[in-house]
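Reader: Could you help me find my way around this structure? I would like to learn how to read helix packing and ligand contacts.

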Amino acid sequence: MFGLKKTVTEKEHTSSYYAATANDTSHYPKLEGNKKADVVVIGGGFSGVNTALELVEKGFSVVLLEAKRIAWGATGRNGGQIICGIGDPDKFSRTIGKKGVTAIYDMGYEAGDIIRERVAKYTIDCDLKWGYCDVAIKPRHMKEFAQWQAHSKKNGNPHQLQLLDEKEVKQFVNSDNYIGGLFNPTGNGHVHPLNLCAGEAHAANELGVEIFEQSKVINIEHGSRVTVHTDCGSVNAKYVVLCGNAYMGELVPKLAKKILPSNSSVIATAPLSSEIINTIMPADVAVCDPRTALDYFRLSADKRLLFGGLSNYTGLEPKDLKGTMATKMLKVFPELKGINIDFGWSGQMGIGLNRMPQLGKLADNVFYVQAYSGHGVAPTHMMARVIAEAIDGKSERFDILAKIHHYSFPGGKLFRRPALAIGMMYYKILDEL
Ligand SMILES: Cc1cc2nc3c(=O)[nH]c(=O)nc-3n(C[C@H](O)[C@H](O)[C@H](O)COP(=O)(O)OP(=O)(O)OC[C@H]3O[C@@H](n4cnc5c(N)ncnc54)[C@H](O)[C@@H]3O)c2cc1C
């Protein structure tokens, strides 16, 4: 395809639009031999890279181990929608108190600021844009948006949300599917996630983080210091931070039980003409609908429509990914019939039962974070900061989040997926009401 860099091979990253337009195609070495550090971080997605970056900025020596490539997992495959907010903290007020709820709301707003500041500080070229529109399909969605707008004002959201009626929403998304919306001009937005994460990794590496790719951790030896092993080496450190999320498999069975890896898929059309863009997406904002099995979409920097969603209810990748997702896209924008779908890919996100990121410690020197339940681009940045603060001895915010209890999925490994399918069907029925 004209204008696309093709230096990143499919073997390394999935064959996504992001991999085809990656700025940084440099490789980090594989771990060979034994190393020592203050902290070893496992997993090179947003969670791991930003934990490493926050720690090195505080003066810690850090080794980061990634099984494949930096941003190979959900981080380099997602819809690129920056959605601030960390779960629904009000649900946990009995456990964390009013102060805890307020602290989590504030962290939700700070999450977006971290991205804003990081991109500016390290001059990361990642197509960052602000502006986001939730769209309503049913009248009850408009009621929920109005409540959310009032609630958000009360909770000190520094960004003003604007309710849109049926006519106004068309300035952002011109589809007959939507009867209104809620516009957030400055708090949420969109980004090329692979380029953002690669830029953050580059910054961390420049500051002294030792990064190793193709270095899968296969064993963790616990003790007053921790040693993690790959097939060709090991790292001995005071602390370990586990950031493998939905791709970590059974490395730590206790964490695997609390997370369900679930598939979401994205397609990228061929670049669209200005005429089509002015018709369907006149403002360059990210868009999301409020259903559980939601559609999310936005324009890329080179004016493709990136359209994503849950492709089915089994949590597995559909056989005909491009066809399945194109059918969904045409329901929103029938004008795109006949347009070429240049890319189609999918990734695994970690779903947790209560939809709140799971953050905690398995021992005094073993930290973990996982389960962003499909909303991780901004929250990963905040969780990374909170873990780095805790390692640095300031655990007030960590303690609030770690108090929240996370149940395991019932039925063990074999039954987790059917359980999700049944759960999703239930929500699909609710979505239709
Ligand atoms: C298709 C899709 C669309 C999405 N869209 C959005 C969106 O628009 N907005 C949003 O906010 N969120 C979205 N998400 C969710 C978001 O991408 C994730 O929440 C976020 O990227 C999680 O980052 P992470 O670093 O925790 O995990 P990941 O990015 O999955 O990174 C984990 C890394 O750990 C590595 N790893 C695992 N085990 C080991 C091991 N043993 N040793 C070494 N390394 C290991 C993996 O190789 C991987 O690179 C989407 C997710 C998907 C899959």
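Author: Happy to help; we will look at helix pairs and then at the ligand. This is a predicted model, where local features need pLDDT of at least 70, side-chain atom pairs count only at pLDDT 80 or more, and totals for chains, interfaces and linings use all residues. Residues are numbered from 1 along each chain as its sequence is written, and side-chain values use heavy atoms, with hydrogens and water left out.

Reader: At what angle do α2 and α10 pack?

Author: Helices (H or I, at least four residues) and strands (E, at least two) are DSSP runs, numbered from the N terminus. Axes are lines fitted to C-alpha atoms, for helices over the stretch in contact, and angles run from 0 to 180 degrees between N-to-C directions. Here α2 and helix α10 (residues 377-391) pack at about 40°, their axes 8 Å apart. Angles under 35 degrees count as roughly parallel, over 145 as roughly antiparallel, 65 to 115 as roughly perpendicular and the rest as oblique. The pair α2 and α10 is therefore oblique.

Reader: Is the crossing of α2 and α10 left-handed or right-handed?

Author: A crossing is left-handed if the near helix is turned anticlockwise from the far one by less than a right angle, and right-handed if clockwise. The crossing of α2 and α10 is right-handed. Contact means heavy atoms within 4.5 Å; among the residues that meet are Phe46, Ser47 and Asn50 in α2 and Val377, Thr380 and His381 in α10.

Reader: Which residues make the contact of α2 with α3?

Author: Helix α2 (residues 46-57) and α3 have axes that come within 14 Å and cross at roughly 65°, so the two are roughly perpendicular. Their crossing is left-handed. The contact is made by Asn50, Leu53, Glu54 and Glu57 of α2 with Ile114, Arg118 and Lys121 of α3.

Reader: And how far apart are the axes of α3 and α11?

Author: Helix α3 (residues 93-121) and helix α11 (residues 396-403) have axes 10 Å apart, at an angle of about 115°. They are therefore roughly perpendicular, and the crossing is left-handed.

Reader: How many residues surround the ligand?

Author: A residue is near a molecule or strand if one of its heavy atoms lies within 4 Å of it. The ligand is surrounded by 38 residues, the closest being Ser47, Glu66, Thr75, Gln81 and Val377.

Reader: Where are the polar contacts of the ligand?

Author: A polar contact is a pair of N or O atoms within 3.5 Å; within protein, one must be able to donate a hydrogen and the other to accept it, and residues adjacent in sequence count only if both atoms are side-chain atoms. An N or O atom in the side chain of Ser47 is 2.7 Å from a ligand oxygen atom. A backbone N or O atom of Gln81 lies 2.9 Å from a nitrogen atom of the ligand.
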